[in-house]
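Dear colleague,

I am handing over the structure we spoke about, and below it I have set out what was found in it. Please keep the model open beside the text as you read.

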Amino acid sequence: MHKTLLFLWLLIPALANAHSILPDNETFNSNTPMPEAELGWPVGEWHARPEQITRYFERLAEGSDRASLEVIGRTHEQRPLLQLMITSPENQARLEQLRQDHLQGEGPLVVWLGYSIHGNEASGSNAAMLTAYHLIAGEAQWVKDLLDNAVVIIDPMFNPDGLGRFATWANMHRGQQAAGDVLHRAHWEAWPAGRFNHYWFDMNRDWLPATQPESVARLTQFHRWLPNILGDFHEQGSDAGYFFQPGVPERKNPLTPDENVELTTELARFHGRALDAIGQRYYSRETFDDFYYGKGSTYPDINGSIGILYEQPSTRGHKVDSVNGEFTFTDAIRNHYATSISTLQGAYAIKDRLVDYQQRFYADSQQRARNGRGRAWVFADGGDAVRAKELAELMRLHQIEVYPLAEDIRVDDMNFSAGQAWVVPIRQRQAALIEAMFEQRTEFTDNTFYDVSAWTLPRAYNLPFAQINSLPERTADPSSVAVEFTPQANASAYLFSNHNLAGAAMAMHLLNEEIRVYRLNNTNREIAADSIIQRGDFVVPVLRGEDRAAIEQQLSEQSQRWQVPVKLISSGFNLNGVDLGSPDIQPLKAVKPLMIVGQGVVPMEAGHTWHLVDRRLGLPLPMLDVHHPAPPNLDDYTHLLIADASHDAVPKAWYPLIKGWVSRGGVLVTQKRSAEWAEAIFSERPKSAKKGVSEDDRIVKLIEQLAKEKDTSNKDIGRQSYSQHQFDSADRILGGAIFPAQLDLSHPLAQGYQREDMAVFLNSITKLEPSKNAYSTPLVLADSKPLAGFASEYANQALDGRPVMVVDKVGQGVVIKFAFNPNFRAFWRGTEGLYVNALLNSPLVQSTTLPAD
């Protein structure tokens with residue numbers, strides 16, 4: 001056996017004899033402070049807050065020539081994102097040169113250990129302090145050998161905002177005697193819980209979409225260093241064992257090389273011995289998969305690295321009485337510390353194979369690209385140049401080369417025009433990642449998915465795209481020109497378009513400043529291409545008696561803020577389209593939304609809405625908790641927003657208040673289960689309804705019936721083997737697939753869209769009933785079978801014939817029902833315009849009831 005490997009093998013069992021978490025057969029430099037020197041208590045006694053962890057890492061870097069600390073970015077709450085670079089003093093002096101050498105396959109091994117991307121899985125961040133201490137203070141020969149030949153990157157807090165929220169929760173419920181009872185309040189976090197970041201996003205789904213600042217900073221650093229291994233430390237249910245990959249072998253993404261799994265399995269041997277030594281049960285080939293490339297343990301796999309997921313039992317506080325006995329926060333920290341060390345030791349033992357694998361990964365993926373017929377992907381801007389450029393910038397963040405198209409080309413029945421499309425050459429270093437981003441896979445070896453089964457990027461952005469077999473002419477990015485507004489004395493009105501989100505945001509802010517904004521509704525009148533006013537355009541008239549200077553000042557400020565060009569309309573007469581005073585140019589209203597949150601509402605989906613309204617539209621979004629003690633007065637708000645929520649989330653006492661508010665002109669915007677709820681409470685009372693049953697009681701019974709209809713029983717499928725249940729259950733779950741849909745471009749909520757074809761993302765089965773009004777369904781599935789991803793036959797049948805968006809006029813108000821999340825992970829940019837129109841265009845929705853015979 002190799003001497004280094006034998007030495008490490010013999011070392012790991014020594015952990016079993018440790019009187020503390022640290023091994024007792026190693027010595028440590030007494031000049032290096034242990035975590036308790038900064039915290040004031042031994043690790044695990046309390047939950048360390050982000051600022052305490054930050055200060056400890058600062059002390060380590062200040063006092064050691066083995067460490068340097070870098071702040072790579074900041075969270076929404078302005079907490080620093082830290083990375084501690086640990087290597088030998090000699091290597092520290094030439095760290096940048098080593099980084100460049102590593103990227104060329106000639107430098108040191110690079111191992112990145114990242115902790116607690118879910119904030120309430122806090123044992124990772126607390127274990128990070130001990131891991132860092134061990135490497136900086138450790139005097140064992142294996143530590144010195146490792147640091148002579150490797151750079152270790154410790155990312156102690158993937159999600160500081162969520163970690164801070166959870167640390168407060170856990171500590172506020174700790175008594176002098178820690179309570180492990182499962183009913184203890186510490187184990188049942190208040191909504192929205194600490195798992196998520198500030199906007200309630202699941203950060204472990206954002207490695208590919210990169211919508212959050214934490215992800216952007218982390219991806220930038222990932223590609224600067226391109227680690228050979230990235231360890232991703234998590235927690236799971238309290239009754240589970242400790243999990244480490246390779247995971248379920250059949251559920252590996254086909255684009256991940258088999259050698260990746262082989263190397264992960266080799267490292268798993270080290271984890272097993274480490275956990276054996278401390279008496280922790282574990283497993284390695286069940287439950288978790290490596291399919292979706294947007295997670296911390298999978299994104300490395302499509303970038304030539306080895307991503308490893310670690311999931312351990314959670315205390316969700318300081319102690320829990322699980323089915324396996326008492327389990328403490330200190331136990332949890334010990335586990336992650338043990339596998340952190342085993343990762344480093346295993347990586348060093350096979351370092352030559354890891355370095356060689358990474359280089360061959362890129363060589364092999366480029367060779368596979370050269371063997372294929374395709375030379376490039378091309379995607380058009382679809383009339384929204386801003387959205388297309390955002391997709392190009394996302395690809396560049398992932399180190400993909402993308403260029404503006406410099407010549408007109410036609411592919412099948414699609415035209416791609418120079419200056420209005422982008423080219424992604426396939427034969428480049430990131431060929432594997434490009435394939436993952438553009439593929440539309442519908443056939444799978446295993447139909448069980450831990451997360452989504454499709455994520456085709458141009459589909460997400462609703463942009464036309466195609467593969468081409470020759471490389472077209474490309475050009476450099478055009479120089480950006482700042483938008484400037486110049487007032488015109490002869491202006492009858494000003495106009496700006498709605499081909500991107502910024503136009504809608506600008507309109508909303510003008511309305512909030514009490515500036516009149518009109519919009520050309522979809523009209524049956526033909527509008528010439530050279531008409532100055534086109535469908536969906538925003539018009540700001542300068543009417544007699546109004547303060548022209550105030551209007552133009554606001555137009556100047558908002559056009560510069562949102563970088564939206566403003567055009568002059570010098571005359572109200574328009575021979576090629578509609579006149580300025582046309583009834584088809586209709587007034588909009590200021591948008592003042594309110595969102596229902598709290599127990600029963602899905603935090604992530606509410607967060608996606610919050611992020612859209614707050615960050616992308618720049619509007620404040622007050623939130624009403626379902627446990628608010630007094631009935632809400634909704635008359636001060638224009639829109640009530642409810643993300644996916646259980647059918648009984650909204651208090652029953654609010655039903656008549658909401659119905660009355662809608663009838664007076666309010667706009668209710670719902671999605672998924674809350675849309676089913678809205679369908680029930682606004683349903684018409686049938687003539688056959690029992691007499692003596694009040695309307696409120698009838699609606700409550702309808703809501704109760706919704707839950708019963710979510711039937712997961714095994715009736716009608718005949719006798720099955722017991723082991724078949726897990727597979728049949730998986731068939732009932734729509735984990736996430738892309739479906740073709742058809743949009744009614746004449747509908748007010750379709751304004752700004754130029755193509756009927758649209759891709760929608762469904763990750764649940766919402767059974768909306770077709771509207772009784774033939775004109776109220778602007779979006780329907782074109783096919784119940786997906787364009788990309790997996791949907792079972794059960795899902796296909798459940799979705800067949802179902803609408804995915806219904807817009808009903810109710811009294812003076814509007815009820816909008818989405819069967820999906822149009823703002824999914826702030827990533828599905830192609831459908832967010834529908835939600836924006838639900839906010840802005842609702843005044844344009846008119847009654848479409850046909851006259852009686």
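Is Arg-396 buried, partly exposed or exposed? Arg-396 has a relative accessibility of 24%, and because buried is taken to mean under 20% and exposed over 50%, Arg-396 counts as partly exposed. Please bear in mind throughout that this is a predicted model.

Salt bridges

Arg-396 forms a salt bridge with Asp-477, and the closest N and O atoms of the two are 2.6 Å apart. This pair links distant parts of the chain, since Arg-396 belongs to helix α13 (residues 385-397) while Asp-477 lies in the loop between β16 (465-468) and β17 (493-496), 81 residues apart. Asp-477 is likewise partly exposed, with a relative accessibility of 30%.

How many salt bridges does the structure hold? There are 38, and as a general matter side chains of opposite charge can pair when their charged atoms come close. One of them joins the side chains of Glu-326 and Lys-319, with 3.4 Å from N to O. Within this pair, Glu-326 is exposed because its relative accessible area is 52%, whereas Lys-319, at 18% relative accessibility, counts as buried. Another salt bridge brings together the side chains of Arg-441 and Glu-439, at 2.9 Å from N to O; here Arg-441 is partly exposed at 22% relative accessibility, while Glu-439 falls in the buried class at 17%. There is also a network of salt bridges, in which Glu-121, Arg-195, Asp-202, Arg-205, Asp-451 and Arg-825 are linked.

Strand β15 and its partners

Strand β15 (residues 421-425) is mostly covered, with five of its five residues buried. In a regular strand the side chains alternate between the two faces of the sheet. In β15, Ala-421, Val-423 and Pro-425 point one way and Trp-422 and Val-424 point the other way, and all of these are buried.

Which strands pair with β15? Strand β11 (residues 376-380) pairs with β15 in the antiparallel sense, over five bridges, and strand β12 (residues 403-404) also runs antiparallel to β15, joined to it by two bridges. Val-423 is a useful residue to look for in both pairings, as it is the bridge partner of Val-378 and also stands opposite Tyr-403.

Helix α24

Helix α24 (residues 829-840) has 12 residues, and the 17 Å from its first C-alpha to its last is close to the 16 Å expected at 1.5 Å a residue. The helix is mostly covered, as 12 of its 12 residues are buried. Charged residues are found among those buried in α24, including Arg-829 and Glu-832, alongside others such as Leu-834, Tyr-835 and Val-836.

A nonpolar patch on the surface

Finally, Val-182, Leu-183 and Trp-188 form a nonpolar patch on the surface, and together they have about 380 Å² of accessible area. Val-182 is found in the loop between α8 (160-172) and α9 (213-225). Why can Val-182 be counted as partly exposed? Its relative accessibility is 44%, so Val-182 is placed in the partly exposed class.

With best regards

Key: Residues are numbered from 1 along each chain as its sequence is written. This is a predicted model: local features need pLDDT of at least 70, side-chain atom pairs count only at pLDDT 80 or more; totals for chains, interfaces and linings use all residues. Side-chain values use heavy atoms; hydrogens and water are left out. Patches are made of residues with over 30% relative accessible area and no salt bridge: like charges are joined within 9 Å, nonpolar side chains (Val, Leu, Ile, Met, Phe, Trp, Tyr) within 5 Å. Accessible areas come from the Shrake-Rupley method with a 1.4 Å probe; for residues, only the protein chains shown count as cover. A salt bridge is a side-chain nitrogen of Lys or Arg within 4 Å of a carboxyl oxygen of Asp or Glu. Helices (H or I, at least four residues) and strands (E, at least two) are DSSP runs, numbered from the N terminus. Buried means under 20% relative accessible area, exposed over 50%, partly exposed in between (1.4 Å probe, protein chains only). The expected span of a helix is 1.5 Å times one less than its number of residues. Two strands pair if DSSP finds at least two bridges between them.
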